[in-house]
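This report goes through a protein structure by topic, from its sheets to individual residues. Please keep the sequence and the model at hand while reading.

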Amino acid sequence: HEDDGMMGQFVVSNTTGINSIDKSETLFSVYPNPAHDKLFVKFTDTNQSAYYVRIFDALGRTILMLPKPDLLNGIDIIHFSKGAYSIHVTDDINKQTNSKTFIIN
């Protein structure tokens, strides 16, 4: 592609003008891990809450999507198969998404 000029439309500019990128990290924990019937999410900052939660299986398939979930009662995972999963939590304040891995046994 480079030899035939197909990358010619891209211009790389000087990025040293960027001072910093504000990335306030959403810290949370999932428990119990390994889990069986319910999975709980707890934010480090008690002012945080979940805007959206998605759970993916080991193949990257979306298993569960929860908008504005009630995390106090836990997430029902009793019907999930045994295996490794990832949970992606988007926080309500910054709308940033972070993920953790958990096991169902």
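## The three-stranded sheet

Leu-39 has Ile-75 of strand E5 standing opposite. The model is a predicted one. Leu-39 falls within strand E2, which covers residues 38-43 and is joined to E5 by two bridges, the two strands running antiparallel.

E2 and E5 belong to an open sheet of three strands, ordered E1-E2-E5, with antiparallel pairing. Strand E1 (28-31) and strand E5 (75-76) are at the edges and have a single partner strand each, so one side of each has no neighbour in the sheet. Strands of a sheet pair through backbone hydrogen bonds, and the pairing can be parallel or antiparallel.

## The four-stranded sheet

A further open sheet is made of four strands in the order E4-E3-E6-E7, and its pairing is antiparallel. Its edge strands are E4 (62-67) and E7 (97-104), each of which pairs on one side only. From one strand to the next, the twist averages 20°.

Within this sheet, strand E3 (residues 50-57) and E4 run antiparallel and are joined by five bridges. One residue pair can be named here: Tyr-52 has Pro-67 in E4 as its bridge partner.

## The largest pocket

What is the volume of the largest pocket? The value is about 240 Å³. Its lining consists of 14 residues, and those nearest the centre of the pocket are Val-41, Lys-42, Phe-43, Leu-71 and Leu-72.

Strand E2 gives the most to this lining, contributing four residues. By residue class, the lining of the largest pocket has eight nonpolar, three polar and three charged residues.

## Aromatic pairs

How many aromatic pairs does the structure hold? There are four aromatic pairs. One of them is formed by Tyr-31 and Phe-40, whose ring centres are 5.6 Å apart and whose planes are at 20°; the pair is therefore stacked, since planes under 30 degrees apart count as stacked. Tyr-31 is partly exposed, at a relative accessible area of 38%. Phe-40 is also partly exposed, and its relative accessible area is 22%.

Tyr-85 and Phe-102 make a pair with ring centres 5.7 Å apart and planes at 20°, so this pair is stacked too. Tyr-85 lies in strand E6 and Phe-102 in strand E7, so the pair ties together parts that are 17 residues apart in sequence. Are these two rings on buried or exposed residues? Tyr-85 is buried, with a relative accessible area of 7%, and Phe-102 is buried at 0% relative accessibility; the cut-off for buried is under 20%. Together with Phe-80, the residues Tyr-85 and Phe-102 form one aromatic cluster.

## Cis peptide bonds between E1 and E2

Tyr-31, described above as part of a stacked pair, is joined to Pro-32 by a cis peptide bond with omega about -15°. Pro-32 is located in the loop between E1 and E2.

Another cis peptide bond runs from Asn-33 to Pro-34, with omega near 10°. Pro-34, too, lies in the loop between E1 and E2.

## Loop residues with positive phi

Lys-68 is a residue other than glycine with a positive phi, near 45°. It is found in the loop between E4 and E5, and E4 is an edge strand of the four-stranded sheet.

Lys-95 is not a glycine either, yet its phi is positive at about 60°. Its place is the loop between E6 and E7. Lys-95 is partly exposed, with a relative accessible area of 42%.

## His-79 and His-36

Where is His-79 found? His-79 sits in the loop between E5 and strand E6 (83-91). Its relative accessible area is 73%, and the residue is exposed, the cut-off for exposed being over 50%.

His-79 and His-36 are 43 residues apart in sequence. In space, the C-alpha to C-alpha distance between His-79 and His-36 is 9.3 Å.

Note on methods:
Residues are numbered from 1 along each chain as its sequence is written. This is a predicted model: local features need pLDDT of at least 70, side-chain atom pairs count only at pLDDT 80 or more; totals for chains, interfaces and linings use all residues. Side-chain values use heavy atoms; hydrogens and water are left out. Two strands pair if DSSP finds at least two bridges between them. On a 1 Å grid over the protein atoms alone, a cavity is a set of points where a 1.4 Å probe fits but cannot get out, and a pocket is an open set with protein on both sides within 12 Å along at least five of seven lines; lining residues have an atom within 4 Å of a point. Grid points are joined across faces, edges and corners, and a volume is the space filled by probe spheres set on the points. Ala, Val, Leu, Ile, Met, Phe, Trp, Tyr, Cys and Pro count as nonpolar, Asp, Glu, Lys and Arg as charged, and the others, Gly among them, as polar. Axes are lines fitted to C-alpha atoms, for helices over the stretch in contact, and angles run from 0 to 180 degrees between N-to-C directions. Buried means under 20% relative accessible area, exposed over 50%, partly exposed in between (1.4 Å probe, protein chains only). Rings of Phe, Tyr and Trp (its six-membered ring) pair if their centres lie within 6.5 Å; planes under 30 degrees apart count as stacked, over 60 as edge-to-face and the rest as tilted.
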